[in-house]
Amino acid sequence: METSSPKLVAVIVAALLHWFLGAAWFTLLKKPWLEGIGKTSEQLMASGIPPWLPHVVTLIANFALAYLIGWLILATGAQTVARGLMIAALLWLCVVASTFATEYVFEARSIQSFLINTGYPFAGMLIMGALLGGWKR
């Protein structure tokens, strides 16, 4: 069983793909997403948070997530696209979906909001898992 680090170029590409997916995802789903969080675009702009900050934080988080997925693929068995997809899906189910589900049920938030907010990491993590699983050293 190989336990070395994932290839840095693969991690960078995977993180960037996830980041670009987020731009498309939340552009296409902007209206229902804003309804789900109970805010308007104007309220977000007036929050005082620099407009670039969420994008930088997201990109850094995507690098961390891509590295973890890549490392788990290498640390737990053969490096294949199928294993990358399995690791990503399992990680999403056990960490992302379960955490969001707990929060959303106590906040009585909509299933639509849950699907928008967890669908993005699900799709992104599958893309990262497939890429990192298939990117041979």
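What follows is a chat between a student and a tutor about the structure above, which is a predicted model.

Student: How many helices and strands are there in the chain?

Tutor: The chain of this predicted model has six helices and zero strands, and read along the sequence it follows the pattern α-α-α-α-α-α.

Student: And what does the C-alpha trace span along its principal axes?

Tutor: Along those axes the C-alpha trace of the chain spans about 50 × 30 × 20 Å. The accessible surface of the chain comes to about 8000 Å², and 76% of that surface belongs to carbon and sulfur atoms.

Student: What share of the residues is buried?

Tutor: Of the 137 residues in the chain, 31% are buried. If we turn to contacts and take those with a separation of 6 or more, then 79% of them are accounted for by residues 24 or more positions apart.

Student: Let's pick a residue. Is His18 buried or exposed?

Tutor: His18 counts as buried, because its relative accessibility is 2% and the cut-off for buried is under 20%. His18 lies in helix α1, which runs over residues 8-28.

Student: Which residues is His18 in contact with, leaving aside its neighbours in sequence?

Tutor: If we leave aside the neighbours within four places in sequence, His18 is in contact with Asn62, Leu65, Tyr120, Pro121, Gly124, Met125 and Met128.

Student: Pro121 is one of those, so to speak of prolines, where is the kink in α6?

Tutor: The kink lies at Thr118, shortly before the proline Pro121, and the angle is about 30 degrees. Helix α6 covers residues 111-134, and with its 24 residues it reaches 33 Å from its first C-alpha to its last, which is close to the 34 Å expected at 1.5 Å a residue.

Student: How far does α4 reach from its first C-alpha to its last?

Tutor: Helix α4, which covers residues 53-76, has 24 residues and reaches 35 Å, again set against an expected 34 Å and close to that value.

Student: Which residues of α4 are buried, and what do they pack against?

Tutor: The buried residues of α4 are Leu59, Asn62, Ala66, Ile69, Gly70, Leu72, Ile73, Leu74 and Ala75, and they pack against α1, α5 and α6. Asn62 ties this to our earlier residue, since Asn62 is in contact with His18.

Student: What about Val57, how does that one count?

Tutor: Val57 also lies in α4, but Val57 counts as partly exposed because its relative accessibility is 48%. Together with Ile49, Trp52, Leu53, Val56 and Ile60, Val57 makes a nonpolar surface patch of about 560 Å².

Student: What comes just after α4?

Tutor: Just after α4 there is Gly77, which takes a positive phi of about 155 degrees.

Student: Which residue other than glycine has a positive phi?

Tutor: Ala108 is such a residue, with a phi near 55 degrees. Most residues other than glycine have a negative phi. Ala108 lies in the loop between α5 and α6, and Ala108 counts as exposed because its relative accessibility is 69%.

Student: New topic, how many salt bridges are there?

Tutor: The count comes to two salt bridges. In one of them the side chains of Glu103 and Arg109 meet at 4.0 Å, N to O, and in the other the side chains of Glu107 and Arg109 meet at 3.3 Å, N to O, so that Glu103, Glu107 and Arg109 are linked in a network.

Student: Why can side chains like that pair?

Tutor: Side chains of opposite charge can pair when their charged atoms come close.

Student: And how do Glu103, Arg109 and Glu107 count, buried or exposed?

Tutor: They fall in between: Glu103 is partly exposed at 37% relative accessibility, Arg109 is partly exposed with a relative accessible area of 25%, and Glu107 is partly exposed with 43%.

Student: Last one, where is Lys39, and what does it touch?

Tutor: Lys39 sits in the loop between α2 and α3, and Lys39 is partly exposed, because its relative accessible area is 43%. Not counting residues up to four places away in sequence, Lys39 touches Leu34 and Leu44.

How values were computed:
Residues numbered from 1 in each chain as written. Predicted model: local features only at pLDDT ≥ 70, side-chain atom pairs only at ≥ 80, totals over all residues. Heavy atoms only, no water. Helix = DSSP H or I, 4+ residues; strand = E, 2+ residues; numbered from the N terminus. Buried < 20%, exposed > 50% of the residue type's maximum accessible area, 1.4 Å probe, protein only. Contact = heavy atoms within 4.5 Å. Expected span 1.5 Å × (residues − 1). Bend = angle between axes of the 7 residues up to and from the residue. Patch = residues over 30% accessible without salt bridge, like charges linked within 9 Å, V, L, I, M, F, W, Y side chains within 5 Å. Areas by Shrake-Rupley, 256 points an atom, 1.4 Å probe, with all protein chains shown as cover.
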